[in-house]
Amino acid sequence: MTTNVSNTDEPTVDVLVIGAGPSGAVVTHTAAAAGLSVICLEQGDWVNPSDFPANHPEWELLIQHDWAHDPNVRALPSDYPVDVTDSDMWPVMFNAVGGSSIFYGAEWPRLLPSDFRVKTLDGVADDWPISYDDLKPYHDEVDEFIGVSGVGGDTAYPEGLDYPLPPHPLSKPGMKAAEAANKLGWHWWPGTNAIPSRKNKTLEQCGRWGVCEWGCPQGAKASFDLIYMPQAQQAGAQVITGARVRKVVTDDEGNATGAEWVDRDGTVRFQPARSVVLCANGIGTPRLLLLSADDHHPDGLANSSGMVGRNLMLHPNCTAIGYYDENLESWRGPAGQLIHSMQFYETDKSRGFVRGAKLHALPTPGPLNTIEAHRELDFDDLWGPAIHDVARRSSNGILWAANSEDLPDPDNRVTLSPDQVDSDGLPAPKIRYTVSENTRKILKFTVERMVEAHEAAGATRIITQELWVDQPGHLLGTARMGDDPTTSVVDSYGKAHDVDNLYIADGSIFVTSGSANPTCTISALALRVGKKVVENVSARKAQS
Amino acid sequence: MSSLPLARKTARRLSVPVRDTHPPRETSHDEVATLLRIADCLIPAAGPNPAASNAENYVEYLHLALAARADAFDAVMDAVATLAAVPDEELRAALRHMWATDKATFDPLSAILAGAYFMTPQVMALIGYPGQHRDPAGLEDAANELETGILEPVLERGSIYISAAGE
């Protein structure tokens, strides 16, 4: 790879966004719509709905490798290796315009009020410097823009929560799961999804393909290459794909001057900017800050606190799949959550752990996927005449899954790998992560509850998985926000304490993880950060 | 007027894998015969369900499945070469041994053989699987479900959230 920068005369942009996932798309749009000049650099490229595996009959085989969630398995040109040799779990992401929203299920729950105050309420971790109410207007604005579908008035939340589009049907699996929750006296609510139940802007109406987590073939999911980024481009933003950023550059005053990036010919380029916003996810952002170390910042950029890369939270997932005698037509979507339950979200000290989990029920599409779920059976119970009945169960299934709250631990961290590099020779991120005792207790407890739900609904076979080691796509906490520069990387508006014109807008800035699927909160935070970037850059331009 | 090029040069896309519908190399008659023997051992006829090799167009879908898991092609074909000499009456025991001792080979081999079987339209119809497809909801479907009163118990219990300063 060339090490010298080849171009030195690019025009300076007002805002340089690094990463085109959900947070990058929201910030890019916010700044462009305010009239600022914006470039968004993305190491991947565009993916079309017609590219996705479910367009093809062999889709269940394609998702095992070529379209796997794990970049170490998929190993596309846009991917970088993730060194997981010292990690209990293997973080996943998708590197493209749209980022990991290409592959997410678009479940769209907000954090609860207690999530912002876990230190005050439970005596653990830290409180956020903002509250539920501080974030609510940004949530409302994002929800309106992308067209979130759901039922207002969820009793797990304070009053005033509503959604712009009507909900999706619960369908047979959701109705059955809801009936069981009622029998058990649980909270549940019709699933809130960033999947439009009616056509909305550049998103199609949901066609219930059921393959949301492997890319929607219809473009009917709030994948941020299909919403926010198109509107950002219409507002004048430029998206440069195939642009792998290797360093944020600072001047002698300590301000960011832009970023060096490598094009697909291996040429190193420099993009000057008045402000830089990192949106590269909870793994990529700390990696880039550490890669940006220089003589003035020997421990990495914006890292005087030593918190860059620390407190990685991954929301360990657990599941219980139940199979029933009746045909639930469980190939039908969205998937997406049909219902969710916050019954076990909050701390109940009698359970022997703090915090809890968010549960959600989904369909179980695909006969081969169902066979894969049965792999732990004895040979003769799956391979032989039994396989026909196993495959038939794919239409009869309900997947209860849960995110567990993952408390911050400074020893769970992202550093630079000493021996793995990406295709441009840049050090890969190295993950050191241990599932905590508290989390393991949450997982065990939650699996037991999900089994109860299946038993209450009359399941005839239940398959549990207490920890999915290869599925954590919720990458949080590695550049946490806070008011104290000695214990946090950015302030509550995502502005780096150490660098006046450097911002972070992705899941890195979470203080605690909650157990709600995080893209909803990431997007609201990104809008809040983006508006502050606009305010600050505009003020500086007015002064100069 | 300029003419279109006869063959476009297709650059590998950064974020999209190449879809190939043919295995990395042609499979021989003997290799296919062994694959079908293995498939029938893992997926035998039962009731209305045909054995794998008797499913309509199975070989066509087998090639598509081998292409979809091209990453495992060499390992799978090495296993096929090993199993080719195993007599029919010993094949199930050999596969059980592979299942117990070599999951890195057995899992993709069995996924390819089963994946091909459940791709065939005949078998999809037999198991009642219509495939993933567009099936938009009716306008009133969600409202009709909620009008059954299924949400009433939750509403009757009322608010459950934990108050925290600032919400």
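A residue counts as buried when its relative accessible area is under 20%. Keep that cut-off in mind for what follows. The structure above is a predicted model.

I will start with one residue, A:I195. Is A:I195 buried or exposed? Its relative accessibility is 1%, so A:I195 counts as buried. In the chain, A:I195 sits in a loop, the one between β4 (189-190) and α7 (229-234) of chain A.

Next, the surroundings of A:I195. Leaving aside residues up to four places away in sequence, A:I195 touches A:G105, A:A106, A:G147, A:S149 and A:H168, among others. The list of contacts also includes A:C206, A:C212, A:A220, A:K221, A:P334 and A:G336. Take A:S149 as an example: 46 residues separate A:S149 from A:I195 in sequence, while their C-alpha atoms are 6.3 Å apart in space.

Now the chain as a whole. Of the 544 residues in chain A, 69% are buried. Counting contacts with a separation of 6 or more, 73% are between residues 24 or more positions apart. As for secondary structure, chain A has 13 helices and 17 strands.

What about overall size? The C-alpha atoms fill a box of roughly 70 × 50 × 45 Å along the principal axes. A compact globule of 544 residues would have a radius of gyration near 24 Å, and chain A has 22 Å, so the two agree. On the outside, chain A exposes about 16,700 Å², and carbon and sulfur atoms supply 46% of that area.

Last topic: empty space inside. How many cavities of 30 Å³ or more does a search of the whole structure find? The search finds three.

The largest cavity holds about 70 Å³ of space. Its lining has 13 residues, and those nearest the centre are A:C206, A:R208, A:W209, A:C212 and A:C216. Two of these names, A:C206 and A:C212, came up before as contacts of A:I195. By type, the lining of the largest cavity divides into nine nonpolar, two polar and two charged residues.

The second largest cavity holds about 60 Å³. Which residues line the second largest cavity? They are A:V47, A:P49, A:F52, A:I102, A:C216, A:G219, A:A220, A:K221, A:S223, A:D225 and A:L226. Seven of them are nonpolar, two polar and two charged. A:C216 appears in the linings of both cavities. A:A220 and A:K221, from this second lining, are also touched by A:I195.

To close, back to the start: A:I195 is a buried residue in a loop of chain A, and its contacts include residues that line these two cavities.

Terms used: Residues numbered from 1 in each chain as written. Chains lettered and ligands numbered in written order. Predicted model: local features only at pLDDT ≥ 70, side-chain atom pairs only at ≥ 80, totals over all residues. Heavy atoms only, no water. 1 Å grid on protein atoms, 1.4 Å probe; cavity = no way out; pocket = protein on both sides within 12 Å on 5 of 7 lines; lining within 4 Å. Points joined across faces, edges and corners; volume = space filled by probe spheres on them. Nonpolar A, V, L, I, M, F, W, Y, C, P; charged D, E, K, R; others polar. Helix = DSSP H or I, 4+ residues; strand = E, 2+ residues; numbered from the N terminus. Rg over C-alpha atoms; globule rule 2.2 N^0.38 Å. Buried < 20%, exposed > 50% of the residue type's maximum accessible area, 1.4 Å probe, protein only. Contact = heavy atoms within 4.5 Å. Areas by Shrake-Rupley, 256 points an atom, 1.4 Å probe, with all protein chains shown as cover.
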